[in-house]
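Reader: I'm new to this one, so please pick a part and take me through it slowly. I'd like one connected story rather than a list.

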Amino acid sequence: MRPPDQSPTSLFGRSEYASGPVRTVTQLATPPLPRLAPDGVFDAFGWCASGELTWGRRAGGFDAAAEVTSANPPEMIFVLRKDAPFLPRERAKLHAPGMGFEGGEEEAKEEWALAPWGIDDATDALFEHRAEPSEHLWLAASSITSLFWGLHDWAHFHNHGPFERRAWTELQCDVSALAWLEVNRAVLEAIGVDEGVRERVRREVTRVAEARFAEETSEIDRFDASLLGAERVRAIARELRASQMD
Ligand SMILES: [Zn+2]
């Protein structure tokens, strides 16, 4: 992973690698998953291989009990590492207060984040510009629901599709996020995301995924709960861990 732009005039990525009094920063392994969705759901599956995600959370304040629903997660943002006019942005402090994104007296030093309403646009823009997600973004998330949706979006950023078969597109990202929670379980167990929490999240995500398929009008897009089954997710995670050791 490349270091952030550290030129003195940069407004981006000023402190991401520093765990400090207000935030804890770690690296999550996000090895690419095999494609589970049928042919044609994605037009550029794995156009950029996901490797690692830099993840920051509020120091001492991770919420492992939060429920995962289809609602937008609170305080989940992708912080911009560098200037990228093609990515819609808002000030990071607006969406994740108390994590050190405020620039103090100098407004210009406040950090930027991907606008929370711009995730879909960013998925397209990163692909169109062949802009590697890890060079542009890192995740700030302080609850299990924010972390899950952050990982889900991280999968979107690496797998482009026309989004016409929405339920399948989303399911691929759901499985990716669940598998990455398993892959990083050692890091996560230290902050209360144990096997019970992961299983509870998996069940909540399964309900969200099933509801999406119920909204599909296409007869061919039927929900297959086994794709999100506990044993299936663990098996994928084992394969990913093994691939990392190669
Ligand atoms: Zn999604």
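Author: Let's start with Arg130, which sits in the loop between α2 (119–128) and α3 (133–136). Helices here are DSSP runs of H or I with at least four residues, strands are runs of E with at least two, and both are numbered from the N terminus. Residue numbers count from 1 along each chain as its sequence is written. Keep in mind that this is a predicted model: local features need pLDDT of at least 70, side-chain atom pairs count only at pLDDT 80 or more, and totals for chains, interfaces and linings use all residues.

Back to that loop. Arg130 isn't a glycine, yet its phi is positive, at about 45 degrees. Most residues other than glycine have a negative phi. Arg130 also counts as exposed, because it has 8 C-beta neighbours inside 10 Å. The cut-offs, with C-beta atoms placed from the backbone, are 20 or more other C-beta atoms within 10 Å for buried, 12 or fewer for exposed, and partly exposed in between.

Glu75 makes a handy companion. This residue is found in the loop between β2 (52–58) and β3 (77–80). Glu75 has a positive phi too, about 55 degrees, and is not a glycine either. Its surroundings hold 19 other C-beta atoms within 10 Å, so Glu75 is partly exposed.

So, to recap the loop we began with: Arg130 lies between α2 and α3, has a positive phi of about 45 degrees, and counts as exposed.
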